[in-house]
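Please work through the exercises below with the sequence and the model open beside you. Each task is followed by a solution that goes step by step.

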Amino acid sequence: RLDKPRDPLASAKDGKRDQLRGANRMAIAAMSNVTSIEKRELLQMQKSFMEIAQRQGNPNTLTKDEFAEALEGVGIVESDSEILDRLFIMLDKTGDQQINFREFICGIAPLITGTVTEKLGFAFELYDMDGSGVVKKAEMNFILRSMNDTASYFGDPVMTQDQIAILVDEIYEKFDDEEGASGINYKDTLDTVIQHPILVSFIKAEGPVRYGQSK
């Protein structure tokens, strides 16, 4: 129901409520109320992250200083930069002033304006740095966990890790005959992922877990 056109006879009030629950939700509600990050900016951020990480000889990791350098280079406004800086601290699980930038960039992908399909598709696009269009089972799990964790940090009810594993297992059972060895085309699976009851619950902010609870 999330991406279907609205009945033209539906009331304006109902339409607005459904829009908030669908296209403009996809979690990170608290964060999206105070940020204005666009798809173009996230793509520039991804490019900057990649260039800096490769310069340092580490394909996936950024230090705090490198992260700040990337945001400055992209031209992120100060208010958004402060929020993203807060997210860096939350993602720095070991306290060593480093994060996996792919986790960061996939986690904030739902901030862009668009439908749920567009938001989820963009998260996969950001992860798919070589443009293959293919995602393996562990990679889909990583992308969904990144979005889930980020949403949790900013106060949204989210999925458990077990729920994410079940969701991914069921998608690959349906689309991949080789148990995820070669991966699947993520564009072919988006509608099925979005319609899965577990993700529907997440999108509607009805997940069973809040930040600080056991997942």
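## Exercise 1: a covered helix

The buried residues of α7 are Val116, Lys119, Leu120, Gly121, Phe122, Ala123, Phe124, Leu126 and Tyr127, where buried means under 20% relative accessible area, exposed over 50%, and partly exposed in between (1.4 Å probe, protein chains only). The model is a predicted one, in which local features need pLDDT of at least 70 and side-chain atom pairs count only at pLDDT 80 or more, while totals for chains, interfaces and linings use all residues. Residues are numbered from 1 along each chain as its sequence is written, and side-chain values use heavy atoms, with hydrogens and water left out.

**Task.** Find how far α7 is covered, which elements cover its buried residues, and whether its length agrees or disagrees with the expected span.

**Solution.** Begin with the helix itself, remembering that helices (H or I, at least four residues) and strands (E, at least two) are DSSP runs, numbered from the N terminus. Nine of the 12 residues of α7 are buried, and the helix is therefore mostly covered. Next, look for contact, which means heavy atoms within 4.5 Å: the cover of these buried residues includes α3 (39-55), α6 (101-107), β3, α8 (137-153), α10 (186-195) and α11. Finally, the expected span of a helix is 1.5 Å times one less than its number of residues, and for α7 this gives 16 Å, which agrees with the 17 Å between its end C-alpha atoms.

## Exercise 2: a buried acidic residue

**Task.** Locate Asp128 and state which residues it touches, and which side chain of opposite charge is nearest.

**Solution.** Asp128 is found in the loop between α7 (116-127) and β3 (134-135). Leaving aside neighbours within four places in sequence, Asp128 is in contact with Gly133, Val134 and Tyr186. For charge, Lys and Arg count as positive and Asp and Glu as negative, whereas His and the chain ends are not counted. A salt bridge is a side-chain nitrogen of Lys or Arg within 4 Å of a carboxyl oxygen of Asp or Glu. Asp128 is buried yet has no salt bridge, and the nearest side chain of opposite charge, that of Arg102, is 6.7 Å away. A polar atom of the Asp128 side chain does, however, lie 3.1 Å from the backbone nitrogen of Ser132.

## Exercise 3: salt bridges

**Task.** State how many salt bridges the whole structure holds, and examine the pairs of Glu69, Glu103 and Asp169.

**Solution.** Side chains of opposite charge can pair when their charged atoms come close. A search of the whole structure finds five salt bridges.

- Glu69 and Arg55 meet through their side chains at 3.2 Å, N to O. Glu69 lies in helix α4 (residues 64-74) and Arg55 in helix α3, so the pair ties together parts that are 14 residues apart in sequence.
- Glu103 and Lys93 meet at 2.8 Å, N to O. This pair links Glu103 in helix α6 with Lys93 in the loop between α5 and β2, 10 residues apart. Glu103 is buried, with a relative accessible area of 11%, whereas Lys93 counts as exposed at 53%.
- Asp169 and Lys137 meet at 2.9 Å, N to O. Here helix α9 (residues 161-175), which holds Asp169, is linked with helix α8, which holds Lys137, across 32 residues. Asp169 is partly exposed at 32%, and Lys137 counts as partly exposed at 30%.

Terms used:
Polar contact = N/O pair within 3.5 Å; in protein donor to acceptor, adjacent residues only side chain to side chain.
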